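Biologist: Hello! I would like a close look at a single part of this complex, and I am hoping you can walk me through how its pieces fit together.

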Amino acid sequence: MNCKMSRILILVLLLYKTSIAQNKNNFKFGNISTKDFATAVYPIDSNASAVVIADIGSCTVEGNTKGWFSIINKHFKRAHILNKNGFDIANVSIYLYTDGEAGEQLDKLKAVTYNLENGKIVETKLETKSAVFEDKIDKRRKLKKFTFPNIKEGSIIEFEYTTVSDFINSPDPWEFQGEYPVLWSEYNFTVPAFFTYTFLNQGYLSFTSKSQNEGTEVYRVVVPGGASANERYEFSSKYTDYKWIIKDVPALKEENFTTTINNHIQKITAELVERRAPLSYYRYVGNWQNVSTQLLDYEYFGKSIRKDNGWLKEVVSSIISKTDTQEEKARNIFYWVRDNFTCTNYRRLYLDQSLKAILKAKTGSVAEINLLLAAMLNVADINTDPVILSTRTNGYTFTLFPMLSQFNYVICRAKAGNQYFNLDASEKQLGFGKLPLRCYNGEARIINENGKELGLESDNLTEVKNTFVMSFIDTAGAISIALQKTAGYAESFDLRNDISAHGIESVENGIKKAMGNDVKIQNFGIDSLKQYELPVFVHYDADLGIDKSSHFYINPYFGENYKTNPFKSAERKYPVEMPYLIDETFTFQMILSDGYIVEEIPKALMLSLNENNDCLFEYKISNTSDNVSLRSRLIFKRTVFAPEEYELLREFFSTVVKKQAEQIVIKKK
Amino acid sequence: MKKNVIIILLSCFAIQCVASDGVYAVANIPAALLVKTNVVKRLEERNFEITPNNKTIYKRKVVYTILNEQGSRWAYLYAGYDKLSNVESIEGQLYDATGKKIKSLKKSDIKDESGSSGSNLADDDRVKWYNFFYTTYPYTVEYEVSISYKGTMFLPAWTPQEDNEMSVQQSQLKVSCDSNNSLHYKMYQYSEDPEIVNEKDIKTYIWHVQNLSAVEDEYAAPDWRRLTTSVYLATEYFSLEGYSGSNASWKDFGKFVYSLTKGRDVLPENIKQKVHSITNGLVSDREKVTKLYEYLQQNTRYISIQLGVGGWQPFDAKFVAEKKYGDCKALTNFMYSLLKEANIRSVYTLIRAGDENDYLIPELPSSQFNHVILFVPNNNDTIWLECTSQTIAAGYLGKFTSNRSALAIDESGGTLVRTPVYTMKDNLQIRHAKAKIDESGNLNVLTHTSYQAEQQDRIHQIINRLSKEEQIKFLRENIDLSTYEINRFNYEEIKSALPLAYERLDITANNYATITGKRLFIVPNIFSKSSQRLTINNKRKSDIVLDWAFSDIDSTEIIIPDDYTPESIPQNTVLKSPFGIYTTQFNIEKNKITYIRRYDHFGGSYPAKDYTELVNFYDAIYKADRARIVLLKQ
């Protein structure tokens, strides 16, 4: 099965041709009976420490007094706590955001704990005045936090609150799935006829019910008049009430080799597409060409990067004064920005300050640093476009049409001479034309007049690693090796970061520690540490001491093998996502002195995951009486594997680990 | 004469106050301070001004030269504050390598963020922070911060060399105190007395150091705070949101804490009845304590709310009775109230929980604690209760609070007490493993392991904090085998003052034994491979502190395929050292391998000169743990 295809297919638009009979819920706040306490183990998950009985979100669009509309989001949740490990569900945080003008408010919170005591239901109410706390994270973000009182094993808890949000274009997605199983998850969205929202569904579950109903409502908007009188508008409009229900939603937990659980969780994302009469017509979500053009003209994104920017000329010309070719110019500008600026926020799409201010401050978000880089390159007549993307931890973007709220990162694409270079100046240890792993997350978007995509699939990146070990046994039985390793792209980046944080000695000490104190490490060195375009090259010699026994058993990998299977879990619920392709070569040569002969070597092996050879492991070994040579290679030609392929993958790696553990037997004559 | 001293002092500090161009040039750093370091503290002036009305103004000027990227974390300025303190001002300058000023801190760029750790439901911790984010090394940052504290209960200690990898050119601590309120202090690694200046009603103390070189990291060194110069401070009198106290003695400090807890032990009527219905009919106090503790564990949970004086004063017993939650203070006070209702005396006891068990400075009565537990004297049959846990056994503390000093509080004040020590014999782990290896090297093994005392702390968490599903996930990811399945597993606990946990596992591990042609390689030690290895250091300076004692006993039986004969069998090992004793025995009879391993690790403090012996001891164990048997197919 082609996983990439299926991934795209999952993200289908929810189209409404027919309406399925409505499935009405019976959950009313406070409507708890003794029966509700009876279940101690729920069939959906016999191990669950808490079960969400119902989780219901209802969004409606209403006119506000700021001259526009707000989304009123009512959230109701009821949960049954089964044992102590489920107590965490009683701690609730509600996240609220403001950008200074528009904001989000919490309203009408109530929360009650129900306990069954001597056959009677005892209610304990949350004191919303004294027991709801506010944590102001920073200027823009805050959390409202509370915990339910009187929690015991067996408690049923229930909360209901409303948030009023001015951010109507991209409301928070509704997540049907979470840390605990949910028996009834329901999302309602009432859309007036003058707005069109699109709803995107992600996940592997199917809806128990989906429906829509229509009605008519009066909408009131007040436009503040400032000094003069407020203007009031009132009009009636039809609306459509959408409803999605999924029953018995299993809990979803993050497993290894997952880009982010966000890619797999069952959720619906709503996005405002257009408005129409009685409002003036406007399309919010266009095609990429439109969106791109708008972004280019947007004050907090592209507006200033193509300007003349005379104020940048002096600094740019001093950087490129001694260069000839376009590529040299581009490199020098890139190096200058990378080396002089510090990135303080790696998740940002827009500017929070002017390019001038950034140049002065020498710090900024990833968007600010790379947009400044783009502006500087343009000043040097190197055509550069910004590229926006969603990082791996942020999750995949929907590819059907532009949804800017899903993007969180900016890089540059520069055309120097006849070549294009993708640039990211936010990382100190990253070379010209290199991107960090987090950027390889599928489709990125080039922001210029065409708005074309840029494929940054994890399949485009290969971790190429080469290790060579030369080994020698002298006449006294002393074993020595010389090891040389060219690290892969990701490993080089990690090594450089590690060395910049802890020093080169920490790497050397790590190897010394792994080899043990009776092994002498000499001539340790790391090359191309500062040549960020090249892979890091590690080399050292080691004296392993003298072995006086009649037989030696030598593992040729000298610590460079896979010691355990990285696929630990016995089963897999969703696809395995590797960050890159793999191509690892290991070469080993051993020469014996007089007095020693090779008694036995491992068998050669050629292992393939499937008919397509998507994963390969090759183990070629040969010997004469005084010489052994080995070449092994591990190749992954694909990064995404379906859950059905998991067992094969795990077995494949198990064999690799086994083979790499095998020994060469040397005998003393 | 006295006047002269002041003038001299003033003049020598006046020079440093004005950082005219060049003063902070890297070239002015003595060579010895540039060895093995990434940051040099050029200058520090810490001034505490304790006013007669018990307020404290704390002014700090500090200058760091950041030599490279590895030192860059020191370029941050952090100023924490809460409801009881306020950041009055922050100033900062940036200098390049030649000492030329490049930039001043912009007030609008100071970040003001929540300092909450996230583990609290509510607290008032906030932090203001700043960084120039300069990237051309070396460079120098200079910060001046002024913070005012309501009260003098928490005076930060002076540790000029904040980290062993930092060198220090000059640092000074100056405390001026109203003569009505005397200053108490405790000095470490400071051989002289402080300079004292008396002027009118103000007494000023001055400590200073200069030219401290960076010190290399050493494994199992004593706490850095004890190895380097440091001065801890406390004032004789202090106040906290309307409560006032004295640090004159532990007794007096205890009286202050008592005043915060007094009268908070009133239980609602229904809870009183509950206490009696639980304890009626029980004979011994120990039984009553155990049952009431179980009641506490079943009916409350830990929720931390730390606001203002609430960081030091417990919510009253009624609050806990109604909400069924509280922090360590509230839950301990509630348990105290339950026991009081049952006529059992218990004592609210302050302690510092965590890794550092040698934290207390006994000579300096003051607030040195971060946790509260309950001490039940019970006529010398002492019972310790950790009231924030819903699962641990009555009377058991665990590594979190064991083996350390604590301050027991009652109406007469405070008394220093010691929590229990869990010895090598207590921290016992016994494992039996029965295994079978087939022709292709696959292993099936059944284990039965008992963990006692501190060895069961981790298992206790697995049993009580993880669901069955999470337990199996944990087991699948945390056993040191290459590819394996957990076929079955089971845990049991026996709760007592020396708790026991039993673990049974049935595991299949593919390719456990390595096969090359006609040879089979087996490491008989399947589960107890020590991973501890150290690197030799011939210049070891500090004592060695091995703060935990344990004993591991393994016996393993492995049935191997027929038709194999041993080619190589490891030697039996006996390693004796001041740090412990390690023995192994290998035996092969027909197709059965028997392996017995015992590792007694004493724990304790050792002189630096023993370090090489420790390295060799651990090395020898590391190797012996991986010794393999080589078998040849007939």
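Biologist: In which sense do strand 4 and strand 9 of chain B pair, and over how many bridges?

Modeller: Happy to take you through that part, with the reminder that this is a predicted model. Strand 4 of chain B, which covers residues 85–95, pairs with strand 9 of chain B in the antiparallel sense, and 10 bridges join the two. One of the residue pairs to find on your screen is Leu94(B), whose bridge partner in strand 9 of chain B is Val141(B).

Keep Val141(B) selected, since it also leads to another strand: Tyr64(B) stands opposite Val141(B) in strand 9 of chain B. The pairing behind that contact joins strand 2 of chain B (residues 55–66) to strand 9 of chain B (residues 139–150), again in the antiparallel sense, over 12 bridges. As background, strands of a sheet pair through backbone hydrogen bonds, either parallel or antiparallel. It may also help your viewing that in a regular strand the side chains alternate between the two faces of the sheet.

Chain B also has an open sheet of three strands, in the order 3-8-6, with antiparallel pairing. Strand 3 (77–81) and strand 6 (111–114) of chain B are at its edges with a single partner strand each, so one side of each has no neighbour in the sheet. From one strand to the next, the twist averages 25 degrees. Within this sheet, strand 3 of chain B meets strand 8 of chain B (residues 126–130) over five bridges in the antiparallel sense. Here Tyr78(B) has Trp129(B) in strand 8 of chain B as its bridge partner.

Now for a helix pair in chain B. Helix 4 (residues 269–279) and helix 5 (residues 285–299) of chain B pack with their axes 9 Å apart, at an angle of about 130 degrees. That angle falls outside the ranges for roughly parallel, perpendicular or antiparallel, so helix 4 and helix 5 of chain B are oblique to each other. The crossing of helix 4 of chain B past helix 5 of chain B is right-handed. Val275(B), Ile278(B) and Thr279(B) come from helix 4 of chain B, and they meet Lys288(B), Lys291(B), Leu292(B) and Tyr295(B) of helix 5 of chain B. Sorted by class, this contact has four nonpolar, one polar and two charged residues.

Finally, a word on the partner chain: 49 residues of chain A are in contact with 43 residues of chain B. The side of chain A that touches chain B has 12 nonpolar, 22 polar and 15 charged residues.

Technical notes:
Residues are numbered from 1 along each chain as its sequence is written. Chains are lettered from A and ligands numbered from 1 in the order in which they are written. This is a predicted model: local features need pLDDT of at least 70, side-chain atom pairs count only at pLDDT 80 or more; totals for chains, interfaces and linings use all residues. Two strands pair if DSSP finds at least two bridges between them. Helices (H or I, at least four residues) and strands (E, at least two) are DSSP runs, numbered from the N terminus. Axes are lines fitted to C-alpha atoms, for helices over the stretch in contact, and angles run from 0 to 180 degrees between N-to-C directions. Angles under 35 degrees count as roughly parallel, over 145 as roughly antiparallel, 65 to 115 as roughly perpendicular and the rest as oblique. A crossing is left-handed if the near helix is turned anticlockwise from the far one by less than a right angle, and right-handed if clockwise. Two residues are in contact if their C-beta atoms, placed from the backbone, lie within 7 Å. Ala, Val, Leu, Ile, Met, Phe, Trp, Tyr, Cys and Pro count as nonpolar, Asp, Glu, Lys and Arg as charged, and the others, Gly among them, as polar.
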